[in-house]
Amino acid sequence: EEDSIMCASYTRRLIAWIPVCLLLIGMPSSSLTQAAGKPTPPQAPLTLGADLNIVATERGSAPRLRAWQQVAPGNYQLSWTENGPGPGQVVLADVDGQGDNEVVIYGACSIGTKKNPEYGYFINVYKQGHTGVYYSSYPGGIEGFVRETSAWVVDQQLLASDLDNDGLGEILLGTATHIGVFKFDEAAAGKIKKTAEVDLGLVGTWIAGRTLKRDGMAAADVDDHLLPTPDSAEIVSGAHYRDGSGQDKSYLLFFDRSLGLKGYAPIHATETDLSDFDITDLRIANTNTDNVNEVWCVGYGKLLASWTVGSTPSEVDPTYGLMRGPGLDSSTSTYIQLAVGRLSDPLGVDQLILNYNVPDWSRIDIYRNAGVTLELVARREYADRGINAMEVAESQLFVAGTQGAPPKWSPYLEVMRLDSTDGGYMVTTIWSHGGERNGNEVWDIAVGRATLTGR
């Protein structure tokens with residue numbers, strides 16, 4: 001994946017000790033001096049509309065960020081392009097508490113050597129009406145980085161969540177073996193400060209005697225139904241290590257907002273099959289009417305499983321007690337991605353949207369929690385498209401990926417809704433975009449309005 005990361009050389013007078021950055025993803029143009037190469041041409045200010053916007057990261061022949069704003073029902077138009085940022089994930093969040101959504105991505109630079117490669121991952125923020133990166137954790141140097149030895153783009157994940165309910169959206173950045181929390185701080189050099197970080201290598205050494213690799217991450221309350229006084233949201237991460245027999249041993253790790261480990265729990269393929277789960281995606285949702293959040297995980301082992309917290313750790317036992325809920329065990333479909341959200345109010349609960357990908361063919365399955373089992377509500381199949389990202393916003397499903405075959409890939413976007421029919425439900429396309437044949441694919445999307453009060 002090295003071709004997915006843009007390279008350049010930069011220097012900073014404030015951080016003389018940092019080696020010259022050889023690896024670059026969306027470095028903050030407003031606060032860096034370019035040491036070599038052609039100057040970056042001025043680009044347009046970020047323009048998000050009052051209605052829904054789709055912000056997409058693209059990788060391929062011309063990596064970039066683009067925003068599409070809804071100008072009428074079923075009609076989205078391109079409103080912003082930022083050339084150069086790499087193909088990582090993107091989120092929308094009110095980072096500075098001013099009531100507007102900002103576009104947040106991560107950047108990375110080399111801080112190691114050829115013999116001992118290491119990378120510093122940092123946060124870049126684009127602000128409505130402004131050109132280039134407006135806030136960044138990069139000026140904070142090592143204190144603004146999450147350090148990691150892996151540069152593979154699949155290992156990184158971004159989340160946005162107001163963990164402490166103070167109106168400022170915290171940004172969670174997960175790498176292969178670390179998780180960092182970043183937050184706006186007026187006193188910070190780039191106004192974004194890393195407030196916490198956890199090394200899953202150290203956590204794994206404590207609970208399993210092995211270094212753990214992160215497998216998915218989500219943030220929401222999962223144990224308040226057991227507590228006399230509600231606490232803050234938990235940060236839940238999947239993690240695994242490979243044992244001597246080549247099997248993955250998987251865990252759910254539960255952290256507080258400062259990334260202190262609250263507890264953990266081993267997870268298995270089924271209640272009777274204690275083999276690995278091998279998480280590929282993780283979400284937290286309440287898919288029934290009991291107002292208790294479930295942790296949902298997708299596994300390479302053709303599995304979808306859910307758990308609710310049945311007991312919290314004690315001084316004697318550091319593990320969470322998990323109660324297994326409904327799931328799927330498919331011999332024909334390897335689901336790799338999961339989204340959750342309410343596409344249809346008549347169903348009364350959030351739905352589960354699963355993506356099944358093979359080369360040149362993909363499928364979206366929509367399920368609802370029927371109590372003991374999951375019920376298939378609707379399905380959409382594609383013969384020539386690969387899906388990389390899915391989001392649910394305002395009762396609509398947004399999907400993104402690629403159309404066609406390399407090297408003439410086309411970035412692909414689609415907006416869908418779930419309509420009721422006499423016999424059940426069907427997926428209806430509201431809007432789609434493709435056919436550019438520029439060699440790019442959409443790697444990730446974020447969906448939201450320019451202001452938090454826009455609805």
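The following dialogue works through aromatic pairs, nonpolar cores, sheets and a few buried residues in a predicted model.

Student: How are the rings of Tyr-76 and Phe-398 arranged, stacked or edge-to-face?
Tutor: A pair of aromatic rings is described by the distance of the centres and the angle of the planes. For Tyr-76 and Phe-398 the centres are 6.5 Å apart and the planes stand at 90°. Planes over 60 degrees apart count as edge-to-face, so the pair of Tyr-76 and Phe-398 is edge-to-face.

Student: How many residues apart in the chain are Tyr-76 and Phe-398?
Tutor: Tyr-76 belongs to strand E5, residues 75-83, whereas Phe-398 belongs to strand E29, residues 396-403. Tyr-76 is buried at a relative accessible area of 3%, and Phe-398 is buried at 1%. The pair therefore links distant parts of the chain, and the two residues are 322 residues apart.

Student: Which residue of strand E8 forms an aromatic pair with Trp-80?
Tutor: Trp-80 lies in strand E5, and its partner lies in strand E8, residues 119-126, which is 46 residues away along the chain. The two rings are 5.4 Å apart from centre to centre with 65° between the planes, an edge-to-face arrangement. Both members of the pair are buried, and the partner of Trp-80 is Tyr-126.

Student: Which residues are linked into a cluster by ring pairs?
Tutor: By the pairing rule, the count comes to 15 aromatic pairs. Tyr-76 and Phe-398, already seen as an edge-to-face pair, belong to a cluster that ring pairs hold together. With its other members included, the cluster consists of Trp-68, Tyr-76, Phe-398 and Trp-431.

Student: Which members of the largest nonpolar core touch the most other members?
Tutor: In soluble globular proteins, nonpolar side chains tend to be buried together. The largest nonpolar core here has 21 residues, and the elements that give two or more residues to this core are strand E13 (178-184), strand E14 (192-199), helix H1 (200-207), strand E16 (234-242) and strand E17 (248-255). Separate from this core is a second one of 20 residues, which includes Ala-265, Leu-303, Ala-305 and Tyr-320. In the largest core, the members that touch the most others are Leu-212, Ile-235, Leu-253, Phe-255 and Leu-259.

Student: Which strands stand at the edges of the sheet that contains E16 and E17?
Tutor: The sheet is open, has 4 strands in the order E15-E16-E17-E18, and is paired in the antiparallel sense. E15 and E16 are joined by 6 bridges, with Ala-219 opposite Ile-235, while E16 and E17 pair over 8 bridges, with Ser-237 and Leu-253 as bridge partners. Two strands have a single partner each, so one side of each is left without a neighbour in the sheet, and these are E15 and strand E18 (261-267).

Student: What angle does the direction of H1 make with that of E17?
Tutor: Within this sheet the twist averages 20° from one strand to the next. H1 packs on the sheet and touches E15, E16, E17 and E18. The direction of H1 makes an angle with that of E17 of about 110°.

Student: What is the average twist from one strand to the next in the sheet that holds E5?
Tutor: This open sheet of 4 strands follows the order E5-E4-E3-E32 with antiparallel pairing. Its edges are E5 and strand E32 (440-448), each with a single partner strand. Strand E3 (residues 53-60) and strand E4 (residues 64-72) pair over 6 bridges, and Ala-56 stands opposite Arg-66 in E4. From one strand to the next, the twist averages 25°.

Student: How many disulfides does the structure hold?
Tutor: Cys-109 is buried, with a relative accessible area of 0%, and Cys-297 likewise counts as buried at 0%. A disulfide would require a pair of cysteine sulfur atoms within 2.5 Å. The number of disulfides in the structure is 0.

Student: Is Ser-344 buried or exposed?
Tutor: Ser-344 lies in the loop between strand E24 (335-341) and strand E25 (351-358). Leaving aside neighbours within four places in sequence, Ser-344 is in contact with Gln-351, Leu-418 and Tyr-425. Since buried means under 20% relative accessible area, and Ser-344 has 5%, this residue counts as buried.

Key
Residues numbered from 1 in each chain as written. Predicted model: local features only at pLDDT ≥ 70, side-chain atom pairs only at ≥ 80, totals over all residues. Heavy atoms only, no water. Phe/Tyr/Trp six-rings, centres within 6.5 Å; stacked < 30°, edge-to-face > 60°. Buried < 20%, exposed > 50% of the residue type's maximum accessible area, 1.4 Å probe, protein only. Core = buried A, V, L, I, M, F, W, Y, C linked by side-chain atoms within 4.5 Å. Pairing = 2+ DSSP bridges. Axes fitted to C-alpha atoms, helices over the stretch in contact; angles between N-to-C directions. Contact = heavy atoms within 4.5 Å.
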